[in-house]
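Subject: Structure for your files

Hello,

Here is the structure I said I would pass on. My notes follow below it.

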Amino acid sequence: MKIGIIGGTGIEKNFAADSLPRGIITSFSDKLVMLKEIIIKGTQVYFLSRHGEDHIVPPHEVNYRANILALKKIGVDAVIAFNAVGVLNPAIDLGWLATPDDLNTLFCYGRPETFFDGQIIKRKGKEVLMKATHVNMSSPFCPQIRDTIYKAAARLKIPTMSGGVVAVTNGPRFETAAEVKALQVMRCDYVSMTLHPEAALAREAGLHYASICFLTNYATGIKNARPDENEVYAMMEKMKAAVPDLITEIIANLPDTFDSKKCYCSYEFINELVELENS
Ligand SMILES: [Zn+2]
C-alpha cells in the first residue's frame with residue numbers, strides 16, 4: 001500500500017525533513033509534478049503540495065489532472081486530501097476537522113474535470129484513446145478512508161465532524177452572501193475551492209480518496225462573517241499542529257487492502273494510460 005497526501009496550506013512543511021524529492025512527468029503538463037517521499041510507520045507516503053511548494057498556484061489554476069495522474073503513476077492506492085474550507089452551517093463550530101461524505105460542484109466551472117475527454121495520448125509509437133467514461137459518484141469520498149480518519153481523530157481527541165456536504169466554488173475570491181445563501185438552500189455544510197475536480201479525477205483514476213477539511217472560518221454572512229485570508233491562514237496555523245500525529249495515526253490504521261465491495265473507488269479505466277506513460 002502506498003499513500004498520497006495532498007496538502008493545500010503549508011502542512012507539508014511538517015514533513016520536509018527526511019523526505020526524498022520525486023519529480024513525475026505526465027501527459028497533462030510540461031512541468032514535473034513534485035512529490036516528497038517519506039516512510040511513515042513502514043508505509044511509503046507521497047506528499048504533494050497542491051498549490052506548488054511556494055503556495056503560488058490559485059485553486060482554479062491547479063493542474064489537478066497532472067497531480068492525480070502523478071500519484072497514480074508512482075503506485076499510490078489511496079489519497080488523503082487536506083482542504084481548508086468555509087463553514088456554511090452556523091450550528092457547526094470553527095476549529096474542528098470534518099470528513100465530508102458528499103460533494104456539490106454546481107458552483108465550480110471552467111476546469112478540466114476529466115481524463116476521458118476524447119483525446120488521443122501518444123508515446124513511443126503507441127497511443128491510448130481517452131474515450132468517454134462515466135464513473136459512479138454516489139459516494140464520492142471513500143468510506144473506508146473516512147472511517148479510518150474519524151476513528152484516528154477520535155483516539156487523538158481531535159474534534160471532528162463525520163459527514164456533511166462540501167460545495168466547491170471557483171475562487172480564488174470568497175463567496176458573496178447571496179452565493180452562500182444559495183449553497184445553504186442546497187443543504188451544503190462547507191465550502192471549498194479545491195475539492196473539484198480533484199475528487200472526481202481520483203475516482204476516474206481508481207484511487208481511494210477522502211478529504212480532511214479544516215473548518216477555518218464562517219462563509220460570508222454566516223454569523224456576520226466577512227472572510228479574510230489572513231484570518232484563515234492564522235486559523236490554519238493553529239489547527240495544523242495536530243496534523244503530523246493525525247497522519248501517522250491514520251496511516252497506522254488504514255486497511256492493508258481495501259475491500260472493493262465497500263466503496264466505488266476501484267476503477268481500472270486509467271490503467272492503460274498509466275502503462276503507456278510508465279513504459
Ligand atoms: Zn474506496
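To start with the helices, H1 passes H4 in a right-handed crossing. The axes of H1 (residues 64–73) and H4 (residues 195–204) come within 9 Å and cross at roughly 35°. On the H1 side, the contact is made by Tyr 64, Arg 65 and Ile 68; on the H4 side, Pro 197, Glu 198, Leu 201 and Ala 202 make it. Sorted by class, the residues in this contact are five nonpolar and two charged, with no polar residue. Please keep in mind throughout that this is a predicted model.

H1 itself is mostly covered, with nine of its ten residues buried. The buried residues are Tyr 64, Arg 65, Ala 66, Asn 67, Ile 68, Leu 69, Ala 70, Leu 71 and Lys 72. After H1 comes Gly 75, which has a positive phi, near 100°.

The other helix I looked at is H6 (residues 243–253), where Val 243, Leu 246, Ile 247, Ile 250 and Ile 251 are buried. These residues lie on the same side of H6, because they cover an arc of only 125° around the axis. What do the buried residues of H6 pack against? Their partners are four strands, E1 (2–7), E3 (33–40), E4 (43–49) and E5 (78–87), and one helix, H2 (143–155).

Of those strands, I followed E5 further. E5 is mostly covered: ten of its ten residues are buried. I have three pairings to report for E5.

- With E1, E5 pairs in the parallel sense over four bridges. Ile 5 is found opposite Ile 80 of E5.
- With E13 (residues 208–218), the pairing of E5 is also parallel and runs over ten bridges. Phe 82 has Ile 212 of E13 as its bridge partner.
- With E12 (residues 190–192), E5 pairs in the antiparallel sense over two bridges. Here Val 87 stands opposite Tyr 190 of E12.

To put the strand and helix notes together: E1 and E5 pair with each other, and both are among the elements that the buried residues of H6 pack against.

If you open the model, I would begin with the contact of H1 with H4, where Tyr 64, Arg 65 and Ile 68 of H1 take part, and these three are also among the buried residues of H1. From there, go on to E5, with E13 paired to it in the parallel sense and E12 in the antiparallel sense.

Regards

Key:
Residues numbered from 1 in each chain as written. Predicted model: local features only at pLDDT ≥ 70, side-chain atom pairs only at ≥ 80, totals over all residues. Axes fitted to C-alpha atoms, helices over the stretch in contact; angles between N-to-C directions. Left-handed = near helix turned anticlockwise from the far one by under 90°. Contact = placed C-beta atoms within 7 Å. Nonpolar A, V, L, I, M, F, W, Y, C, P; charged D, E, K, R; others polar. Buried ≥ 20, exposed ≤ 12 C-beta atoms within 10 Å, placed from the backbone. Arc of directions from axis to C-beta. Pairing = 2+ DSSP bridges.
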